[in-house]
Amino acid sequence: MTQAVSLGRHRALVEILARAIIPPGDRLEGGGAATVKRLEHWFEDLPRTHLFGYHALLDAIEWVSVSSTGRRFSRLNKEEAIRLVESYYRSAAPSKRGLLRAVATPIKLAHFDDAGQFAAVGCTSFHSSDRQLRVVEEPRWLAQVTAGEDTSEDIALESEVVVVGTGAGGAACAHELASRGRAVLMLEEGPFVRRDGFTGRSQDMVKKLYRDHGLTMALGNAGIPVWAGRAVGGSTVVNSGTCYRAPERVFQAWRDDFGLTDFSSASLAPYYDRVERMLQVTRAASALTGGVGRVIARGAAALGFRHHAISRNAPDCDGQAVCAFGCPTGAKRSTDVSYVPEALKRGAQLLTGARVENVDVVAGRARGVTGTLASGAKFRVKADAVVIAAGALMTPVLFKRAGLLSQYEWLGRNLSIHPASKVMAVFDEPIDMGNAIPQGYAVDEFAAEDIMFEGSSTPLEVTAAAVPWTGRPFIKLLDQYRNMASFGFMIKDTSRGQVRAGHGYSP
């Protein structure tokens, strides 16, 4: 049941902030009471700690204005409030910019997640009546799926192999084992959301599909969000479907630095071929790379740079720009519609809402797992073999929580995240980012220097959250959404981080 949320004593302050951060534009409606209502909806079903943290940020912004104005933020008039927030994003003080960004981002996401705002700038979305979700079939293999969210009693299961995680690694592993006649049980901490449950609305889908509701962060000299899926299909459900083969220079480094002589482009080619057949990988059609792809190709050609449409696992894509919130047509061959169903067809079983908390070790070998279902009930699995495929983030957390491998000092270390950023531009021609593949076109001229450039198409509310501006410059830019394009880049990470469990996930 959805829990109603009120911003309480800060409700009036949030309304003032919404009006200052998002004044009315020529096309777009300004912030106000409706924004506050949508923000309260965003906080529904989130852990209470998220709301408490946001209240702390609101307290900070309420009082920080005293140093420059002599008054609390809520006592400023409309023009004073707009000028102050505009001064914050221009401030040389990182603390002020960071505070404003933290407070403004949820307000922007909530405000622009609205059918009227989308219509005002011609951004098609699932708010529109012409976007109909496809009918979802009820195949036989669904009988082999047990929803831990709805299981009220403790359960005990046995299997030859238990696979923890249903993302790119776990689902493929389960399929290969089931194809060889092994009895396989897949465990997934998140829910099994089928395509009739993918609404394309960023707020609802982030809460349903993302780990930590999209708030997983890498902390260092800068905070970097790390998007990770928490549903059947793992992060393949919430990525853009981009499919690259590792380049030979990577395998060469593995051979030179680590002695992994069996790895090369040639030796792995048959395996890549098999995966690409399952995922139906092909180059994106030019009609789907949109205006962003068009202007990137034009610019790259003028500069003499190599450029091309990106290879993706979405053969039936219709360019709805919501890949990061689950594909509602099933066009993207994420593992929830590819490897997981194929494993189930071959006799595998799936338990969802299953949080693994311990690995049972007998005579030095993993022989099962135990944990808690989303309903609160407990589960135990006995198995001949255990595969932990919880990704680079959760695998070391699980080992630490289970008290395993503690003798290895490198457990959870050497994390690379390949940081990315982007630029935005306004063109004198329609771009229509809301009607194209999120990542559809690339410039690989500098790939050998470990820099990849890709176009980026994002819906209105996501674009708004990505722009650090506030006030009149912000709304003037957003009014031109139809003519905006985004161009991103990713750089090979040379630093190394460490995975640590956050609040509420202590080993």
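**Exercise 1.** State the handedness of the crossing of helix 2 and helix 9, then classify their packing by angle.

*Solution.* The crossing of helix 2 and helix 9 is right-handed; a crossing has this hand if the near helix is turned clockwise from the far one by less than a right angle, and is left-handed if anticlockwise. This is a predicted model, in which local features need pLDDT of at least 70 and side-chain atom pairs count only at pLDDT 80 or more, while totals for chains, interfaces and linings use all residues. Residues are numbered from 1 along each chain as its sequence is written, and side-chain values use heavy atoms, with hydrogens and water left out.

Next, take the geometry. Helix 2 covers residues 33-43 and helix 9 residues 202-209; they pack at about 15°, with axes 10 Å apart. Helices are DSSP runs of H or I with at least four residues, numbered from the N terminus. Axes are lines fitted to C-alpha atoms over the stretch in contact, and angles run from 0 to 180 degrees between N-to-C directions. The angle of about 15° therefore makes helix 2 roughly parallel to helix 9 (under 35 degrees; 65 to 115 is roughly perpendicular).

**Exercise 2.** Which residues of helix 2 and helix 9 meet?

*Solution.* From helix 2 come Arg38, His41 and Trp42; from helix 9, Gln203, Asp204 and Lys207. Contact means heavy atoms within 4.5 Å. By class, the contact has one nonpolar, two polar and three charged residues (Asp, Glu, Lys and Arg are charged; Ala, Val, Leu, Ile, Met, Phe, Trp, Tyr, Cys and Pro are nonpolar; the others, Gly among them, are polar).

**Exercise 3.** Classify the packing of helix 5 and helix 16.

*Solution.* Helix 5 (residues 78-90) and helix 16 (residues 471-478) pack at about 80°, their axes 7 Å apart. Helix 5 is therefore roughly perpendicular to helix 16. Their contact has three nonpolar, one polar and five charged residues.

**Exercise 4.** Follow the aromatic pairs from tryptophan 42.

*Solution.* Rings of Phe, Tyr and Trp (its six-membered ring) pair if their centres lie within 6.5 Å; planes under 30 degrees apart are stacked, over 60 edge-to-face, the rest tilted. The count comes to 11 aromatic pairs. Tryptophan 42 and phenylalanine 43 have ring centres 4.9 Å apart and planes at 80°, so the pair is edge-to-face. Phenylalanine 43 also forms a tilted pair with tyrosine 54, at 5.4 Å centre to centre and 45° between the planes. That pair joins helix 2 to helix 3 (residues 48-64), 11 residues apart.

Definitions and conventions: Helices (H or I, at least four residues) and strands (E, at least two) are DSSP runs, numbered from the N terminus. Angles under 35 degrees count as roughly parallel, over 145 as roughly antiparallel, 65 to 115 as roughly perpendicular and the rest as oblique.
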